[in-house]
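Visitor: I'd like to learn how to read a model like this one. Could you walk me through it?

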Amino acid sequence: MLQSSNPEQIANSLTKLVDYLPQNLRELALEKALAAAKAIQNESSRADVFTALADKLPKELLPEVLAAAKAIQNEFSRAKALTALADKLPKELLPEVLAVAKAIQNEFNRAKALSALANKLPDVLPDALAAAKAIQSKDDRAKALSALADKLPELLPEALATAKLIQDEFSRAKALSALANKLSPELLPEALATAKLIQDERSRADALSALADKLPEVLSEALAAAKAIQSEWSRAHALIALADKLPPELLPEALAAAVAIQYEYYYRAKALSALAYKLPPELLPEALATAKLIQDERSRAKALSALAYKLPSELLPDALAAAKAIQSEYYRTKVLSALAYKLPEVLPEAFAAAKKIQSEYYRAKALNALADKLSPELLSEALAAARAIQDESTRVYALSALADKLPAELLSEALAAARAIQDERSRAYVLSTRHRKKGSEIEEDIFCSLA
């Protein structure tokens, strides 16, 4: 048996592990994961695990998980589990699920469960619609109608009308955003007028940004709303949401708005990072200069890493000098690793910086980031560095990141490192990542870790 006494931990670990296992061990792991999930006391957590397992369970285990989902007392959690299972269940179990869904008292939860069932049982749509229309909260009613509109497009005018009546501007913007991609051309002008009436800049920017996928002409207005947001946190997030949608002619204005953010720690860096992938060559020198001026090393590293992939050759020496000036080995490694795509000669320096990181956790993260770029010679050193990590859970993380990258001549050493792991669940995880290269030779090791 797995040694952890926490059933949620066991269930979550096994659920992740099954993707790496051969079929014979996959079935055993799924049985154990389901047994552990059923033992979870917290109903919300139990429903989350059932939801994660739903796509992976074989047909013969579905009646068991359905019975476990039905036993959940909390209606929200029960509806969540039923919704996840609805598409996976065989036809003979659907009447049972339908009865459970109809018995849910809360209108929103009932509408959600019935809507999920409608994919397999179109006859339940009238019940789902009745439940949605009975929801008292305008916010929840708009959400339910929007979800049903995928199957009943004639509901869209009613869903939009309900969204317009929501008093809270944040919730109204969320409802409009959820509807935006579903609205017909005839309804878009009404939705746009509603979005423009929102007084709160952040909410207005969010709604306009969502509508911009169908109405690109509103992007200029959405950017103006974003720039007018007083809160720098909200302004940064609005710019991030718009970044992928902006046409070239608006990018200089967006970059200027990002540069103008005073609070460099996180906000300015995050906005710059989001815009980096879209910036044309003529704006990259300004973006790099702004990134270099960020005092906080974590934020500077984030902005420099995002820009690294876009920089032309003439700006790379400047970026490399900025990376080398970072005092923290971890953040220096991150930027050097990003620059290595264009400057592979910096990899030995990046790896040397990674090995010097004092924190084992951050050293493992740095090794993980470098793993797919290292030469066979450096991979041998990386494996030695991973094996030298004292904390077992951190060593597991580092070894699993390296597992798929190692050449054949290092597999025996990696296998020995995996077999030395004391925690059985962790050992099974690392061994399973090796399985794809090593084959049946280690199946027995994995089985012993699960049995």
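Guide: We'll go through salt bridges, a pocket, the core and one helix. Keep in mind that this is a predicted model.

Visitor: Let's start with charges. How many salt bridges are there?

Guide: The idea is to look for a Lys or Arg side-chain nitrogen within 4 Å of a carboxyl oxygen of Asp or Glu. Here the count comes to 18 salt bridges.

Visitor: Pick one for me. Which residue forms a salt bridge with Lys-38?

Guide: That's Glu-64, with the closest N and O atoms 2.9 Å apart. Lys-38 lies in helix H2 (residues 23–38) and Glu-64 in helix H4 (residues 62–70), so this pair ties together parts that are 26 residues apart in sequence.

Visitor: Are those two side chains buried, exposed or partly exposed?

Guide: Buried means under 20% relative accessible area and exposed means over 50%, with partly exposed in between. Lys-38 has 37%, so that residue is partly exposed. Glu-64 is partly exposed too, at 33%.

Visitor: What about Glu-190, which residue does that one pair with?

Guide: Glu-190 forms a salt bridge with Lys-164, and their closest N and O atoms are 2.8 Å apart. Glu-190 is in helix H12 (residues 188–196) and Lys-164 in helix H10 (residues 156–164), so parts that are 26 residues apart in sequence get tied together. Glu-190 is partly exposed at 31% relative accessibility, and Lys-164 is partly exposed at 36%.

Visitor: Where do Lys-245 and Asp-213 lie?

Guide: Let me give you the bridge before the location: their side chains meet at 3.8 Å, N to O. Lys-245 lies in the loop between helix H15 (232–243) and helix H16 (251–259), and Asp-213 in the loop between helix H13 (201–211) and helix H14 (219–227), so the pair ties together parts 32 residues apart in sequence. Lys-245 is partly exposed at 28%, as is Asp-213 at 45%.

Visitor: Now pockets. How do I find empty space?

Guide: Rolling a probe the size of a water molecule over the atoms shows where empty space is left. In this model, the second largest pocket holds about 270 Å³ of space.

Visitor: Which residues lie nearest the centre of the second largest pocket?

Guide: Of the 14 residues lining the second largest pocket, Arg-298, Lys-302, Tyr-330, Tyr-331 and Lys-334 lie nearest its centre. By class, the lining has 7 nonpolar, 2 polar and 5 charged residues.

Visitor: And which helices supply the lining of that pocket?

Guide: Helix H17 (264–276), helix H19 (297–308), helix H21 (329–339) and helix H23 (360–370) each supply at least two residues. The largest share, 5 residues, comes from H19.

Visitor: Let's stay with H21. How many of its residues are buried?

Guide: H21 is mostly covered, with 9 of its 11 residues buried. Among them are Tyr-330 and Tyr-331, which we met at the pocket. The cover over the buried residues of H21 includes H19, helix H20 (316–324), helix H22 (347–355) and H23.

Visitor: Last one, the core. Which members touch the most others in the largest nonpolar core?

Guide: Phe-50, Leu-89, Leu-117, Leu-311, Leu-339 and Leu-374 do, out of 171 residues. Leu-339 is also one of the buried residues of H21. For Phe-50, skip its neighbours within four places in sequence and you find contacts including Leu-34, Val-65 and Ile-72. Lys-38 is in contact with Phe-50 as well, and that's the Lys from our salt bridge with Glu-64.

Notes:
Residues are numbered from 1 along each chain as its sequence is written. This is a predicted model: local features need pLDDT of at least 70, side-chain atom pairs count only at pLDDT 80 or more; totals for chains, interfaces and linings use all residues. Side-chain values use heavy atoms; hydrogens and water are left out. Helices (H or I, at least four residues) and strands (E, at least two) are DSSP runs, numbered from the N terminus. Buried means under 20% relative accessible area, exposed over 50%, partly exposed in between (1.4 Å probe, protein chains only). On a 1 Å grid over the protein atoms alone, a cavity is a set of points where a 1.4 Å probe fits but cannot get out, and a pocket is an open set with protein on both sides within 12 Å along at least five of seven lines; lining residues have an atom within 4 Å of a point. Grid points are joined across faces, edges and corners, and a volume is the space filled by probe spheres set on the points. Ala, Val, Leu, Ile, Met, Phe, Trp, Tyr, Cys and Pro count as nonpolar, Asp, Glu, Lys and Arg as charged, and the others, Gly among them, as polar. A nonpolar core is a set of buried Ala, Val, Leu, Ile, Met, Phe, Trp, Tyr and Cys residues joined through side-chain atoms within 4.5 Å. Contact means heavy atoms within 4.5 Å.
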